[in-house]
Every structure is written in structure tokens, then in C-alpha cells.
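Hi everyone, thanks for making time today. I'd like to walk you through one structure, so please have a look at it on the screen before I start.

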Amino acid sequence: MAMKFAELLVATPVFVNVGVREFGDSLREAGFEVVQVDWSPPAGGNAAMAALLDELL
Amino acid sequence: MIKKTVVRKNRYFDSVFLMQVARRIAAEPGIKDASALLCTEANKKVLVELGYGEAGGDTEFASAGPNDLVLALEGEKSAVMAVAADPETRLQRPASSSVGTAREPRSLAEAAALSPRSGVAVISVPGEYAARESRAALREGLNVFLFSSNVSVADEISLKTEARQKGLIVMGPDCGTAFIGGAGIGFANAVRRGPVGIVGSSGTGIQEFSCMVHRAGCGISHAIGTGSRDLSDAIGGISTMTAIDALEADRDTKVIVVISKPPGQGATARLRERLARSSRPVVLCLLGAHRPVEPEQAAGGLNEASTIDEAVSLALQAPGVNGATRRPLDPEAARVEAALQVSRMRQGQRYVRGLFAGGTLCYQAQGIFRDAGLLVHSNSPIPGMRELEDPRTSRESSLVDMGAEIFVEGRSHPMIDASYRRKRLEEEGNDTSVALIILDFILGAISSRDPAGDLAETIRAVREAARRRGDHLCVVASVCGTEEDAQGLAAQTKKLLEAGALVFPSAAEAAVFAREIALKLNRRKEAR
């Protein structure tokens, strides 16, 4: 669901964390809802291949 | 002693976790040094320079790629072999971590479907994937907090333009901190909510400002990071404009403060034009830019400050902001203390060295020195200062941003990992031409659990070594944080005082005091 930035400022924000887990952990510890993505580099770490796949899909 | 690498194929971990793994292994008996890195070309090169890889004989290491993990181990043979025999135990996350609850989504789209009320994606993947993930977030209608750096200008423009069209914002790339709806994102301090809204392209600038507002008894409505390049002419302040619009519409924000490193000329003109028609009072703090002619003159509610401290004072005076006024440094007391310090220094001690964890605080200190006509060297010089040829070696008086790209490639930021700054502090402390060292300590989430403790022993040691050779080495420090931060402002300050540092309530005041000493050292030199 899209939440415009101005609306976000009057709501209790809910987060998706992609990458360093500590960012999500510290928000969760502060009482905020966080969904952690189990991220790993796409296309086996080949950034050019990932970009190509993005274009094709 | 042996050196050995252990490669784990197709294992991705983030850099903060890998630093923790390396620390844990290094603390095992018999291990002298340990690194845990992804096998990027840059990391492999560093390890080869350190003597790993058996000059190409280690074929597993030689053929490893950026999606593989390498442990580089140095120590007694039995200890190294024990780690090599069981690396997986060392790669397990502690039970308190977020892993292991339910199955985690593998993509942003999956996460957004799972949590339809999500409003912000916090993204800290390696730079080459950051634009891709940000696009996925915008596609899901999410605002983006983008911590990653190394995103191209073209990608930044296209992401921010897309966000603006959708009524969303991209905070970043290279965004260190934000405070949205009471949530501190990234490197954030425990500050109360209140009437002061912040827009900032500089992470430590936002942190220092919000902590000072909190300590004055007031609070922050929202602090919106925009990324270090947002106010460059290439980007044109796209996120800054979105942030100002949002704060202006926010009922709880009574004053808007914009904090930035020196912006581009075109972007500055647009920013001033926008701020001049703001319906809220505005404080503009451009650190390192030349001091405005009349710094405190209000023109249509627009006030200008050249230090974070001035910005805090101006914000606290705005209508509707009920903050106590700050008591600034007493200039006379500072002059007396500076004279006392200089009187104890040997003639050969002539230079000031600043080792900053906060890039913005380095800019601010340069501005403070320049205001008194003092030229220094820096690896990120503001207009009028001299560029350090090699950021790893100071020249005369130097103010160094230790968070610059060259220092953090393959290792964590000095706010998290103090080891490189500690080594540099030793070098500067052992330089007999150095009279004074400036340090900043940044508390809060994500930062080291004990920033002052990380350097306290070294501060004590370099001062003691200076004393033994007949020098007096002055160490000047400031702590950016609040009592409510996990590290505790008072406890951190106490550690620095006990180590022999002079601790000031703000980075600007520490720099003003250091400047006082630098001026006295110059006069002493001229008098000879």
C-alpha cells in the first residue's frame, strides 16, 4: 500500500529492512514493527547479470 | 604463527555482522588477527597485500568471488586450524537477533505483501545493488531510507524524481540518520519529540543538532535525512524540497531547520527562494559555507547560522518553541584555559590535528578555524582550506574526516569500529610537533557500544608518552549524545575526563577552544 511521505509523518511508521540487520533490530527494540528481508545478492553476485534479468522480466 | 584463509562459497552477510564475527574470532585464544570479508576484488587485494593467499598458491581463495565469504586468520597454528575446521559455529548469529522467528521474505515485494501497512524501506545493501532495491521499494509505494553509498548520480536523480512524482521520498543515498514519527532510523540518538523539524543532508549534523535540542529541554518533530549529495547542483535538492513541503504541512512542526554541507550555487538559490516563502520560521545552517553577512537577521522568517550551536539557539527562540536557551561557552574562560594549556607546551609543539568520526563536524571545525583566518589541511576541505595530499598522513595542522571513503573501504565506519582511528590517534600523539588533538564521539543506535572507552586508553597513553618526553599534549573532545542513549552521555563524558581529555558540550565549542590554542601557538611562533 502506498503511503505518501506527508501521511507518514502523522502515522506510526512500519518498516521493511533490507541489508544490515542492526537497523531493523534497533527499530524493533524501540517498539516499531519491522519486516526483515533475507537478502542476498541477486544473480549469484553478478550485478550486470542482475540488471539484465531485471530488464528481461 | 601462520596465516590462512577459509572460503565459504555463496555466503552473503552484511558488513556489520562480519565485523562482529571477525572480532569474536580475534578474541579466541591463540588468534592474533582475523578478518571476515566478502571476496570482492578490493578486499582480495588488501588481503594479498597482508600476505594472505600463498602468493597465488591458495587456489580456493584466488578463485573466490564477491558472493563468497573469506575468513583471513593469523595466529598459532592450532588455533587457526581450529577455526578453519569449524567456521560455521563462528558464523551463527546470536539468539537475540531477528533471525529464526518466522521464515523471512526473500524480496521487498514479498515483504510489502506480507506487511501491507509498511511505509518505509530501510536499505543498506552494497552500493551496486542499492538502486535496484530502491526501485523495488518505490514500486511498492514505500518511502526509502537509503543508507548505502556508491550510487551513481544518474540513479539518484531517477530514483528521487520517481519518488517525487509518487508523493514519496528517497532519504539518501548515503543517508546516516532520520527520525520519523518518533522512530530513530540508522545512527540515531534517543531524543524526545517536540516542535523542531529538521531537514539535513548531513547525518552527524542532524545528530548533533537533535541532541543539543533535547539537552536544552526541547524536542524534535521529525528529522529528515536527504543524502549527502541532495543539495548538489546535479540533484538540485529534490528530497530537500519534499521534506520542507512535508514539515510545513505538519501540525506539530513549529520551526524548520535545514542543515547541510556547502550546497551547489544553483541549489542554494532555489533553497533560499523556497525557504523565504515558508509559512513556518526557518533556520538555515550551511556548514563550511562562508558566514552570512548578517548572521542573525531575520528576512521573512529566515535566519542563518554558521554553526550547529547557533542553529540550536535560533531554533529555540522561534515562536511556539518552548525550549530553554543554551548557555554558550564563556569566551573569557576559554581564553584563560587556552593560555594555561599553551604555557605548558614545548616550543616545538605547533600543530592541531582533528580526527573526526562525524564528517559534518569536520566541516564545521574547518569553518570555525577559517573564520579566524587559520588555514588547515583536510581530506575534505571546505572552500579556502588546503587538500591533504594523502589523507592517511597529516600535514602541519590537519582536520581529517575519518569516515571518508578511503578509510572505510573494506571496514566499518569509525562510529562503529574505532580500530583505525585509534591507530591514527597513536600516530598523531607520537608526533612531537603536535600540540592538540580534537576528537568527537557519537553515541546512539548502531554506533559502538562504548565510543569513549574505545579510545580512552590510547588518549591516556599518548598523553603520558608526551609527558615523559617533556611535552604537554592537549586532547579536546566532544560527545554527541543524550543521557537516554544506551551508552549514556554522562558515563561517556566521565571516561574521557578520566583519560585526561578536556570535554566540551558541543563539537563547535571544542573547535572554538582548539582554535583559541592554535591562535596562541601562532602568536608564540611569531614572537620568537
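I'll begin with the smaller topic of chain A's layout, then go to where the chains touch, and finish with some helices of chain B.

One caution before anything else: this is a predicted model.

So, chain A. It has three helices and two strands, and from the N terminus on they come in the order α-β-α-β-α. Of the 57 residues in chain A, 42% are buried.

Now, how do the two chains meet? On the chain B side, 52 residues are in contact with 41 residues of chain A. Several elements of chain B each supply at least two residues to that side: the helices α1 (15–26), α6 (108–114), α7 (127–139) and α10 (238–249), together with the strands β4 (120–123) and β8 (183–186). If you sort the chain B residues that touch chain A by character, you get 26 nonpolar, 17 polar and nine charged.

Please keep an eye on β4(B), since a strand of chain A pairs with it. That strand is β1 of chain A, residues 15–18, and the pairing is parallel, over four bridges. To give you one position to click on, A:Val16 has B:Ala121 as its bridge partner in β4(B).

Let's move on to helix α16 of chain B, residues 419–429. Which of its residues are buried? They are B:Arg421, B:Arg424, B:Leu425, B:Glu428 and B:Gly429. Looking down the axis of α16(B), you find these buried residues within an arc of 135°, so they line one face of the helix. As a reminder, an α-helix has 3.6 residues a turn, so residues three or four places apart point the same way. And what do the buried residues of α16(B) pack against? The partners are β14 (351–356), β18 (434–442) and α17 (451–468), which belong to chain B.

In that same helix, α16 of chain B, sits B:Glu426. B:Glu426 is partly exposed, because 14 other C-beta atoms lie within 10 Å, whereas a buried residue would need 20 or more. Leaving aside residues up to four places away in sequence, B:Glu426 touches B:Thr458 and B:Val462.

Last stop: helix α19 of chain B, residues 507–527. With 21 residues at 1.5 Å a residue, α19(B) should span 30 Å, and its end C-alpha atoms are indeed 30 Å apart, so the two agree. Its buried residues include B:Val512, B:Phe513, B:Ile517 and B:Leu521.

That's my tour, and I'm happy to take questions.

Key:
Residues numbered from 1 in each chain as written. Chains lettered and ligands numbered in written order. Predicted model: local features only at pLDDT ≥ 70, side-chain atom pairs only at ≥ 80, totals over all residues. Buried ≥ 20, exposed ≤ 12 C-beta atoms within 10 Å, placed from the backbone. Arc of directions from axis to C-beta. Contact = placed C-beta atoms within 7 Å. Nonpolar A, V, L, I, M, F, W, Y, C, P; charged D, E, K, R; others polar. Pairing = 2+ DSSP bridges. Expected span 1.5 Å × (residues − 1).
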